[in-house]
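I set out to record what I looked up in this structure, entry by entry. The entries are kept in the order in which I made them.

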Amino acid sequence: MSSTVLIASNRGPVSFTLSDDGGLTMRRGGGGLVSGLSEVVKDTDVLWVCAALSDGDRGAVRHAPGGRLDRAFETGPIRMLDIPPAVFHRAYNAVANSTLWFVNHLLYNTPFSPEFGTRFRREWESYRTYNGAFALALAEEAAHRARVMVQDYHLTLTPAMLRVERPDLRIAHFSHTPWAPPEYFALLPEDVVAEVLTGILGADHAGFLTARWARAFMDCCETLLGARADHAARTVTYEGRTTRIGVHPLGVNGEALLARAGEPDVESHMTVIRDLVGDRKLIVRIDRTELSKNIVRGLRAYQEFLAAHPEWHGRVVHLAFAYPSRHDLPEYREYTAAVQRCAKEIEDEYATEDWDPLILNVNDDYPRSLAAYRLADVLLVNPIRDGMNLVAKEGPILSPRCALVLSREAGAAAELGADSLLVNPYDVSGTAAALHEALTLPEQERLTRGLRLREAATALPPQRWFEDQLAALI
């Protein structure tokens, strides 16, 4: 039963729902990471190790020997870990999402947070326990000299822990988020900084989405840990071990996306959107209500655009999909409310009997999002900071004449910036001006930019992204 290739991630490729009669219903797991990797390892024997996230998941695990779910899943065999709910909550919500995510996205309101006291120490101990559970499961499941691919900020300690258990393994860690510069990463307690950095350095290969995030990690290792970073060779050496640093900019499978976007459910949503918008120009944004996505400033920019350009009144509609995210955290609930308040303000100020300047939708609907991409004249992607941002890559694939207004702080800007209208995400007026420029861009320039954007967006599809990292472990 030992596996030669293993993936470890917080969220798994399937999830289970517990019905009132005690039955279990399985569905495909959510999230961009899972969607991308699920397609890559479809119909393979790669073992996927993940956490049980719900009562349904825990029920499935308790009925499976050793937590192994080896039915004929498209993604191959799965081992799901039944981590105690209190431990999981502290590790996932308090540390991964409220600490490491905040640090690497530069999200702290520093006069008030962070604050690392006794409560945080209890939470950090749970994060250790959670990472240790993954390391132990991987050690048990891996064949000799197996390759193990550990995913993201939830599991920064796992590579070093696994190295202790199984020094024979070839281990990779991949960060799907940005990485903070040393002066910001140093907000964390010194011992936590050391644990996170040495945890990732337990891997043979540490991967990042852009050269910028890779450099920031290497700078942290050099400045805060005293490691030796060779930027030319992209290696970090610490306590006698050398970790190679890789840059793997995840792209989109263009053929698969186009095929999905041509299905009947998408076509029916296109009809509905056309009826709503009419012959007006369409500005689209598609995001989770995640603090880093900068939705409120994007709406403010649209509001400023309408104030500065009355000639566009009645001639443009902003379709904003803002799907709820992490509502178990108070900061996210308040942010969703702020988005809704701002949207209402725009409607109250500019809406007329025959024109809705803004259509805000907070209900997640993937086919409707694909329909919006296809109809977009302008796509607004203005995160404060983003590891990559696949929305910026998906939009140009589905709308050949779509102008892309893109934050310079999105990882995708490294590949798409030359053919986008780049903006400072904090500059509301600058973003408003970019929206106007995007709407008035000549048709031929739209098409020329769009062609180059599509080529860049599909240059490294998930299959190649995965294979390149596996190859780095040989």
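The entries below concern a predicted model and go through its core, its aromatic pairs, two helices and several single residues.

**Entry 1. The nonpolar core**

I began with the largest nonpolar core, which has 166 residues. I looked up its best-connected members and found that Trp 179, Phe 185 and Tyr 302 have the most contacts inside it. Helix 3, residues 85–104, supplies the largest share of this core, with 10 residues.

I then listed the surroundings of Phe 185. With residues up to four places away in sequence not counted, Phe 185 touches Val 103, Asn 104, Trp 179, Ala 180, Val 193, Val 196, Leu 197, Cys 220 and Leu 224. For background I note that in soluble globular proteins, nonpolar side chains tend to be buried together.

**Entry 2. Aromatic pairs**

How many aromatic pairs does the count come to? I found 16 aromatic pairs. I examined the pair Phe 321 and Tyr 323: the ring centres are 6.0 Å apart and the planes stand at 15 degrees, so this pair is stacked. Phe 321 is buried, at 2% relative accessibility, and Tyr 323 is buried as well, at 6%.

I also noted a cluster in which ring pairs link Phe 88, Tyr 92, Tyr 130 and Phe 134.

**Entry 3. Asn 10**

I turned next to Asn 10, which sits in the loop between strand 1 (3–8) and strand 2 (14–18). Is Asn 10 buried or exposed? I read a relative accessibility of 4%, so Asn 10 counts as buried, the limit being under 20%.

What does Asn 10 contact, leaving aside neighbours within four places in sequence? I listed Cys 50, Ala 51, Leu 53, Phe 88, Tyr 92, Tyr 130, Phe 134, His 154 and Leu 155. Phe 88, Tyr 92, Tyr 130 and Phe 134 in that list are the residues of the ring cluster in Entry 2. With Tyr 130 there is also a polar contact, side chain to side chain, at 2.7 Å.

**Entry 4. Helix 16**

I checked the length of helix 16, residues 428–439. Its 12 residues reach 17 Å from first C-alpha to last, close to the 16 Å expected at 1.5 Å a residue. I recorded Val 428, Thr 431, Ala 432, Ala 434, Leu 435, Ala 438 and Leu 439 as its buried residues. Seen down the axis of helix 16, these fall within an arc of 160 degrees, so they line one face of the helix. An α-helix has 3.6 residues a turn, so residues three or four places apart point the same way.

At the start of helix 16, I found a side-chain oxygen of Asp 427 within 3.3 Å of the backbone nitrogen of Ser 429.

**Entry 5. Helix 9 and Thr 458**

In helix 9, residues 254–261, I found Gly 254, Leu 257 and Ala 261 buried. They cover an arc of only 65 degrees around the axis, which puts them on the same side of helix 9. The cover over these buried residues includes helix 10 (264–277), helix 13 (366–375) and helix 14 (391–398). Asn 253 caps the N-terminal end of helix 9, with a side-chain oxygen 3.3 Å from the backbone nitrogen of Glu 255.

Gly 254 also appears among the contacts of Thr 458, which touches Val 252, Gly 254 and Ile 397 when residues up to four places away in sequence are not counted. I placed Thr 458 in the loop between helix 17 (443–457) and helix 18 (462–471). Its relative accessible area is 30%, and Thr 458 is therefore partly exposed. The C-alpha atoms of Thr 458 and Leu 250 are separated by 8.9 Å, with these positions 208 residues apart along the chain.

**Entry 6. Ser 292 and Arg 408**

I located Ser 292 in the loop between strand 13 (281–288) and helix 11 (295–308). Ser 292 is buried, with a relative accessible area of 0%. Pro 383 is one of the residues that Ser 292 touches.

Pro 383 came up again with Arg 408: their C-alpha atoms are separated by 8.6 Å and lie 25 residues apart along the chain. I found Arg 408 in the loop between strand 17 (403–407) and helix 15 (413–416), and at 46% relative accessibility Arg 408 counts as partly exposed. Its contacts beyond four places in sequence include Arg 212, Leu 422 and Pro 425.

Key: Residues numbered from 1 in each chain as written. Predicted model: local features only at pLDDT ≥ 70, side-chain atom pairs only at ≥ 80, totals over all residues. Heavy atoms only, no water. Helix = DSSP H or I, 4+ residues; strand = E, 2+ residues; numbered from the N terminus. Expected span 1.5 Å × (residues − 1). Buried < 20%, exposed > 50% of the residue type's maximum accessible area, 1.4 Å probe, protein only. Arc of directions from axis to C-beta. Polar contact = N/O pair within 3.5 Å; in protein donor to acceptor, adjacent residues only side chain to side chain. Core = buried A, V, L, I, M, F, W, Y, C linked by side-chain atoms within 4.5 Å. Contact = heavy atoms within 4.5 Å. Phe/Tyr/Trp six-rings, centres within 6.5 Å; stacked < 30°, edge-to-face > 60°.
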